[in-house]
Amino acid sequence: MNRFAQSWVSAALVLAIGIALMFGLPGVMDEYTLMQGTIYAIMAILGVSLGFIWGFGGILCFGQAAFFGLGSYTYAVAVVNMGDSTVPFMLAIAVPALFASILGYLIFFGRLSDVYMGVITLTVTLILFNLINSTAGPEWKIGNAPLGGFNGIPGIPTLNFPGQVDKALSPGDLFYLTMSCLLVTYLGLRCLISSKIGRVIIAVKENEQRILLLGYDARLYKLFSFTLGGAIAGLAGCLFANWGAFTSPTIFSLAQSAQIIIWVIVGGLGTFVGPVVGCVAIQWLTTQIGTQQTFNSNLVLGAILVVFVLLVPRGVVPSLGLVLEWIWNKLKTKAMAENAACPQPLLPEVKFTAPSQTPSTANAISITKEQAA
Amino acid sequence: MTPLIETRNLNVRFGGVHATRDVNFTLAEAELRCVIGPNGAGKSTFFKLLTGQVKPTSGQILFRGKDISNMQPHEPGRLGIGIKTQVPSLFNGLSVWENVWLSARRINSTTQANRITGETLERVGMEAHRKTLAGLLSHGMRQWVEIGVVIAADPPLILLDEPAAGMSDAEVDRTAELILEINRQHALVVVEHDMNFIRMIAKKVTVLHQGAVIKEDTPDRIMSDPMIQQIYLGKKPH
C-alpha cells in the first residue's frame, strides 16, 4: 500500500476523484452548500501546505496561519488599491513566500533546533495577530485600504477574470477555481516529491546528518520547502479573502494555527490526501457541533486530537492504507493456499520413443487426443 | 607530492576533556590506513573532525593542500570525503536503491546516477534488496549499503568507522575483500578493533591513545610492540 500510495496510479485516482467532484458537485448542490464546499477546499489547500512541510520536510511549523493570514491581508490591501485582482492574486502568494523565506533563513541558517522552530513560528503568528488587532482607527491604512484592527477588512472585491475588472467570479466560478488550485497543488507537490529535490527533502527529514555527509546543504532544501509551504498557505489565504469578501485578525489566532495541525494529525502525516481528509472531516464536524449547544467545539476538537495521538497516531489515511494492505495480503495468501491445495489436472501419460525426428506440435496434439480417447 | 589529507597539531577539547591532542596525520592518494586504539582514544572524534561534524579547537586540516578546518558540515562531502559511520547512518524510510541513488545523483545526471546505483549495488552485493526499505535490513546489510552510499559518490577519500563490527566471520571476509577492491580507486582510513581484520587489509597502522598518535607502523610490528599490547590489548609486556 505504501508503494501504491507513492505510485502514479494513486495520483491519477485522486485527480480523477477530484475532477469528478469539481464538475459533479455544482450540479447537485445549491449555492449555499457549494460555498461550504469552497471553504472546505480552501482549508484543504492550507492543510496540504502544512502536510507538505511537516509530513515530507519534517518541519513542524506552528505558524502556518501566519502565511495564510498574510496571503489574505495582502490580497485584500492590494485589490482595494489596484482594482484589478490579477496582480493582488500573485502578490498574495509572493508576499507570504518572501516572509517565509526570510523567517526560514533566520531559523535554518541560524541552525536553530526543532523546538525553537515551533516556538518562533508560533510567536510570529501571535505577533501578527496582535499587530493587526492594533490597527483599528482611520490612521491605520495602506494606500486606500484601511486595516480595520479587530474588525478586519470587509467588502473585499472578489477576483475578476484577468484584465476584466467588471467581470468578477461568481460563487460557482470561485468553487471551480478553488478546486483547480487544490488539484494543481496536489499534482505539483506529487511531481516535486518524485524529483531529485523532493527525494532530498524527504532524506533531510529521514537523516539530516547523512544528507550533510553526502554533500547536500540541508538548510537550502529546508528553506525551499518552508518557502513553498508559505506560498501555498498564502494562496489559500487569498482564496479565503475571496470566499467571504472579508478577512480579520482571527485567522492569525492560536486556535487557527492549532486547527491546521489537528487536520494533519487526524488525516495522516506523509500523505497529501491525509490533510485534505482531516481538514474536511474536522471542518464538517465543527460546523455540525456549531449547530447545537450541548458541546463546545474546541472541547470536542481537543478530545479528537488526544484520541488520535493515542490510538491512531498514523492518522486516518495511512491507517486505512495499512488495513487495506492487510486485507489484500490475506486474500493473496488465501488464493495461493487454495491454488496449492487444488489437485493438478490428470493428463494421460504419453511415452515417446526416441524419435528420429522431432515430432511437430500437431503430431504431439494428435497423440494426446488418441490416448485420451 | 601534496598529501591527500593532512592534519597539523589538531586539538579538540570538549569542556575539560581533551579528545584530540596535537594529532599530526598524513595520508597519500590511494593509500589504505588503519587506525586503532582503545575505547575513548579519539578515533571517532578524529573522523568527525575530518568530515566537518566537529570543529577543531586548534590546528589545521588540509585536503589536497586546502584548509578545510572550519568548513560547513556539508562541504567536506562536496570536496570528496565520504564516511561510513560507526552506527550505520541511512535513510531508513527510503529504499536501498534510493539511499545509494541520492549519493550518486548529487554529482551526476539522472541517467548516470541510475547506472552508478545499479553498479554500486552489485559491487556491494545488495542488488537483490534494491527495493527493501533500509530500515528493515540486518546490521551487516546496513553496513554494506552504507559503504555503497559512500562509494557511489566516488570520493577520493573514504573513512570507514568499524566496517566489520557485528558481522559474522563470512561477512568479515567479504567486507575485507570489498575494502581491498575499493582501495584500487580510493584512499581509505579504516577504524577497526578486530586485529585479524586489520591484518587482512592494512599495510600501515596508526595507533591513537588518549587523543594522541603514539605510533605508526606495519600491522605486525604494531601488534608485537609491548607498549601497544599494554595500552591497547591490555597485556603486560614480557
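Helices here are DSSP runs of H or I with at least four residues, and strands are runs of E with at least two, numbered from the N terminus. With that in hand, open the predicted model and start with chain A.

**Stop 1: chain A as a whole**

Select chain A and colour it by secondary structure: you should find 15 helices and four strands. Along the principal axes, the C-alpha atoms of chain A fill a box of roughly 110 × 55 × 50 Å. The radius of gyration of chain A is 28 Å, while a compact globule of 373 residues would have one near 21 Å.

**Stop 2: two helix pairs in chain A**

Next, select residues 86–108 and 218–244 of chain A, which are helices H5 and H10. Their axes come within 7 Å and cross at roughly 150 degrees. Look at the handedness too: H5(A) passes H10(A) in a right-handed crossing. Colour the contact of H5(A) with H10(A) by residue class, and 16 nonpolar, seven polar and two charged residues appear.

Now move to helix H4 (residues 64–82) and helix H6 (residues 114–133) of chain A, whose axes come within 8 Å and cross at roughly 35 degrees. Which residues make this contact? On H4(A) they are A:Ala65, A:Ala66 and A:Gly69, and on H6(A) they are A:Val124, A:Thr125 and A:Leu128. By class, the contact of H4(A) with H6(A) holds four nonpolar residues, two polar ones and no charged ones.

**Stop 3: where the chains meet**

Show both chains and select the contact between them: chain B supplies 18 residues and chain A supplies 16. On the side of chain B that touches chain A, helix H2 (75–79) and helix H3 (96–105) of chain B are the elements that give two or more residues. H3(B) has the largest share of that side, with four residues. Sorted by class, the side of chain B that touches chain A has seven nonpolar, seven polar and four charged residues.

**Stop 4: chain B as a whole**

Hide chain A. Chain B has nine helices and 10 strands, and its C-alpha atoms fill a box of roughly 55 × 40 × 35 Å along the principal axes. The radius of gyration of chain B is 18 Å, which agrees with the value near 18 Å for a compact globule of 238 residues.

**Stop 5: the six-stranded sheet**

Still in chain B, display the open sheet whose six strands come in the order S6-S7-S8-S3-S9-S10, with mixed pairing. Why does one side of S6 and of S10 in chain B have no neighbour in the sheet? Strand S6 (81–84) and strand S10 (212–217) of chain B are at the edges and each has a single partner strand, so one side of each is left free of a neighbour in the sheet. From one strand to the next, the twist averages 20 degrees.

Zoom in on strand S3 (residues 32–36) and strand S8 (residues 187–191) of chain B: they run parallel and are joined by four bridges. To check one residue pair, label B:Val35 and its bridge partner in S8(B), B:Val191.

Add helix H1 (residues 43–50) of chain B, which packs on the sheet and touches S3, S6, S7, S8 and S9 of chain B. The direction of H1(B) makes about 150 degrees with that of S7(B). Then add helix H5 (residues 139–152) of chain B, which lies across S6 and S7 of chain B and runs at about 175 degrees to S6(B).

**Stop 6: a hairpin and its other partner**

Select strand S1 (residues 5–14) of chain B. S1(B) pairs with strand S2 (residues 17–27) of chain B in the antiparallel sense over seven bridges, and B:Ile5 has B:Leu27 as its bridge partner in S2(B). The two strands form a hairpin with two residues between them, and B:Gly15 in the turn has a positive phi of about 65 degrees.

S1(B) is also joined to strand S4 (residues 58–63) of chain B by five bridges, and these two run antiparallel. For B:Thr7, the bridge partner in S4(B) is B:Ile61.

**Stop 7: the domains of chain B**

Finally, colour chain B by its domain assignment, which gives domain 1 (1–80 + 155–238) and domain 2 (87–154). Taken over C-alpha atoms, the centres of the two domains of chain B are 24 Å apart. Eight residues of domain 1 of chain B and nine of domain 2 of chain B form the contact. Helix H6 (residues 169–182) of chain B gives the most to the domain 1 side, with three residues. That side divides into six nonpolar residues, one polar and one charged.

Technical notes. Residues numbered from 1 in each chain as written. Chains lettered and ligands numbered in written order. Predicted model: local features only at pLDDT ≥ 70, side-chain atom pairs only at ≥ 80, totals over all residues. Pairing = 2+ DSSP bridges. Axes fitted to C-alpha atoms, helices over the stretch in contact; angles between N-to-C directions. Contact = placed C-beta atoms within 7 Å. Nonpolar A, V, L, I, M, F, W, Y, C, P; charged D, E, K, R; others polar. Domains from an automatic or database assignment. Left-handed = near helix turned anticlockwise from the far one by under 90°. Rg over C-alpha atoms; globule rule 2.2 N^0.38 Å.
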